Amino acid sequence: MHLPSYPLITVDPYFSIWSRNNNLSEGDTELWCGMKKRLTGLITVDSVTYSFLGQAQAEPIPQTACTVTPFATEYTFATEHLRLKVTFWTPLLFEDLHLMSMPCSFVDYSVESLDGKSHAVTISLSAGAEFVYDGEKKPVSAEIVEHKSVTYARLGQTAQKPLSASGDLVSADWGYLCLQGGEYSFGKTDREAITATHRFQLDKAKTATTILAFDDIVSIEYFGEQLRGLWTERFAEIGEAITYCAQNREALWKKLQAQEARMLADAADFGEDYKKILTAAARQVLAAHKLVRNSNGQLLYLSKECNSNGCINTVDVSYPAVPMFLLYRPELVKAMLTGVFAFSRSPVWQARYAPHDIGTYPHADGQVYGIKDESDKRHIFLGRDFAVFDENLQMPVEECGNMLILSYAYYFITKDSSQMAENYDLLKTWADYLKEQGIVLQNQLCTDDFAGHSEKNVNLAIKSIMGLASFAKISDVLGKPNNFFSVAKDYAEQLSSYRTSSGYLPFSLDQPDRWSLKYNLVWDLLFDFHLFEADLYEAETQKYRRELDPYGIPIDNRKHFAKTDWMLWAACLDKTGENIDLFSKRICCFLRETEDKQCFSDWYDSVLAKGCGFCHRSVQGGLWMPVLKRKLTGK
């Protein structure tokens, strides 16, 4: 499977390493944002040394294959004497959140003799000190650590300052990189590299494994609290986690394979191209999050808004991401909402609408989007003056609709009403706000803020209607008398009166010659609201087919801006399923033909196949919407 960039180690935003090369030895490995985080792999066969990973002063071993599955990337290399397979995988197991959050990743080696002879083989994997600092070189030290029956090599800065910086296209400037497996050695200068080496005599076949781990010491600052990764509830320190991985590698691999098989089986009815785009997205979605628990015992699943502004726990990033999690671990959707509810109760947030985010990763100290003073983004939650925010840069209808829809979606799947009961006052405040705004919306931003402000936006009005209907159902579940579903129905009828002569709804109420994807309509089908007539979906579906570009369909007619998540949501409006296949094929074409060398971008030019700036974003979880719709509706 050809990709613009290949996932190797995918744990979290600070430990997500990719190769931008079709051949693994053609270039250096990098953090998802392009920062050099170099891994070097060498294999020596009877005193002849070849490189298989990263750039090295050795002849590259010929690469014969690369196989990508949702949770593993396998490379095959061969000489006349032997075949080498190298597999990168991380135990991202939905069934076990402690293991899912564990910052350990595997590199498996399988070597087979091809000439029937015995060979002396050495395989080494090296990692440099740049893994533990952000760009500017810092003093480091390295050592061998013994933990019970397992030893590992550890590298870190001599002076650790966890969570000392935040931002978008950055890495951690703290923490320890660990390698486990084989023999250990260090770089010649200040021990600035660590190497794990396996040596053996190859007769027929051999296997070996190197474990890479990154101990960030402290993971998240959450409204003044310093929180460690969830994995530390089970493993007191990184040596415990590494030991567990070393002793349970086979069991972890089998569980991951079973999870992968289930995911691909769920997607089978939608065609091979659809399975390919899910394969390309799966690890990226999970590696854009961090999983922790606050002092109240609440689980927090915090996204980083990668390559768009670096915000943490952005509401309109969680909104598109949730289909994957509603399918495979709904508890994580609840964990996405917890921090937003908490910040909404802080004295500084005096708006009657929901916030956009709760900080800049890894500092969850209060919303930074639209803040006036860019120099002071820490501890915003302690303030009391809402004037620090520029109201023109907020997303009032967008975020209210998102929080209402997601709160109901979590209940709809799990029947757990506890979170919406605890936060009913906030949900009602946001529903009242949407009710007052009606369907003729003022000029404002929505989640597609890269396209600019828009007035009387129809798709945003649809989101508002879905939010109102969701709140009506929330109120019903909690035994709260209300008339919000009637309001939603009335607004839907009003909005439907603006349908064009071709039957679809325009982009904005006062411009019938413009069109857009009405991806927010999908909840009308999933929740069985029946707020809009069936023939509207058919008219929208036909319009989308007429507007297809070579690499996808734009979100509207302003520019050729394609968004992968919204394409698949809009495709779900087609009862025949044809658009799911059509759009998936276009996205596959983009992945195959784009000249960009970056992680799977969710925003690109649908004519030029050129990325517009976003990559490694959790919103690609929205590609699972067709599977979610099938699960909930059977269609």
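The following is a conversation about helix packing and strand pairing in a predicted model.

Colleague: Why are α3 and α5 called roughly perpendicular?

Modeller: Helix α3 (residues 249-267) and helix α5 (residues 315-328) pack at an angle of about 115°. Angles of 65 to 115 degrees count as roughly perpendicular, and therefore α3 and α5 are placed in that class. Their axes are 12 Å apart, and the crossing is right-handed.

Colleague: Which residues make the contact of α3 with α5?

Modeller: Arg 262, Met 263 and Asp 266 of α3 meet Met 324, Leu 327 and Tyr 328 of α5. The residues of this contact divide into four nonpolar, no polar and two charged. Arg and Asp count as charged, while Met, Leu and Tyr count as nonpolar.

Colleague: What makes α5 roughly parallel to α7?

Modeller: The angle between α5 and helix α7 (residues 396-414) is about 20°. Angles under 35 degrees count as roughly parallel, so α5 and α7 are given that description. Here the axes are 9 Å apart, and the crossing is left-handed.

Colleague: What does α5 bring to its contact with α7?

Modeller: From α5 come Val 315, Asp 316, Ser 318, Tyr 319, Val 322 and Leu 326. Their counterparts in α7 include Glu 398, Glu 399, Asn 402, Met 403 and Tyr 410. By class, the contact of α5 with α7 has 10 nonpolar residues, two polar and three charged. Ser and Asn fall in the polar class because they are in neither the nonpolar nor the charged list.

Colleague: What makes β7 and β12 edge strands?

Modeller: Each of them pairs on one side only. They belong to an open sheet of eight strands, in the order β7-β8-β9-β10-β17-β14-β13-β12, with antiparallel pairing. Neighbouring strands of this sheet are turned by 15° against each other on average, direction ignored. Helix α3 packs on the sheet and touches β7, β8, β9, β10 and β17. The direction of α3 makes about 75° with that of β9.

Colleague: How do you know that β12 and β13 pair?

Modeller: Pairing requires at least two bridges, and eight bridges join β12 to β13 (residues 150-157), with the strands running antiparallel. As an example, Ile 144 stands opposite Ala 153 in β13.

Colleague: What does β9 pair with, and how many bridges are there?

Modeller: Seven bridges join β8 to β9, and eight join β9 to β10. Both counts meet the requirement of at least two. Thr 76 stands opposite Lys 85 in β9, and Trp 89 has Phe 106 in β10 as its bridge partner. Three residues form the link in the hairpin that joins β8 to β9.

Colleague: Why is β2 called mostly covered?

Modeller: Buried means under 20% relative accessible area, and five of the five residues of β2 (residues 15-19) are buried. Phe 15, Ile 17 and Ser 19 lie on one side, with Ser 16 and Trp 18 on the other. Both faces are therefore counted as covered, given that cut-off of under 20%.

Colleague: How do you know that β2 pairs with β3?

Modeller: Two bridges link β2 to β3 (residues 30-31) in the antiparallel sense, and at least two are needed. Trp 18 stands opposite Glu 30 in β3. Five bridges join β1 (residues 6-12) to β2, and these strands form a hairpin with two residues between them.

Conventions. Residues are numbered from 1 along each chain as its sequence is written. This is a predicted model: local features need pLDDT of at least 70, side-chain atom pairs count only at pLDDT 80 or more; totals for chains, interfaces and linings use all residues. Side-chain values use heavy atoms; hydrogens and water are left out. Axes are lines fitted to C-alpha atoms, for helices over the stretch in contact, and angles run from 0 to 180 degrees between N-to-C directions. Helices (H or I, at least four residues) and strands (E, at least two) are DSSP runs, numbered from the N terminus. Angles under 35 degrees count as roughly parallel, over 145 as roughly antiparallel, 65 to 115 as roughly perpendicular and the rest as oblique. A crossing is left-handed if the near helix is turned anticlockwise from the far one by less than a right angle, and right-handed if clockwise. Contact means heavy atoms within 4.5 Å. Buried means under 20% relative accessible area, exposed over 50%, partly exposed in between (1.4 Å probe, protein chains only).
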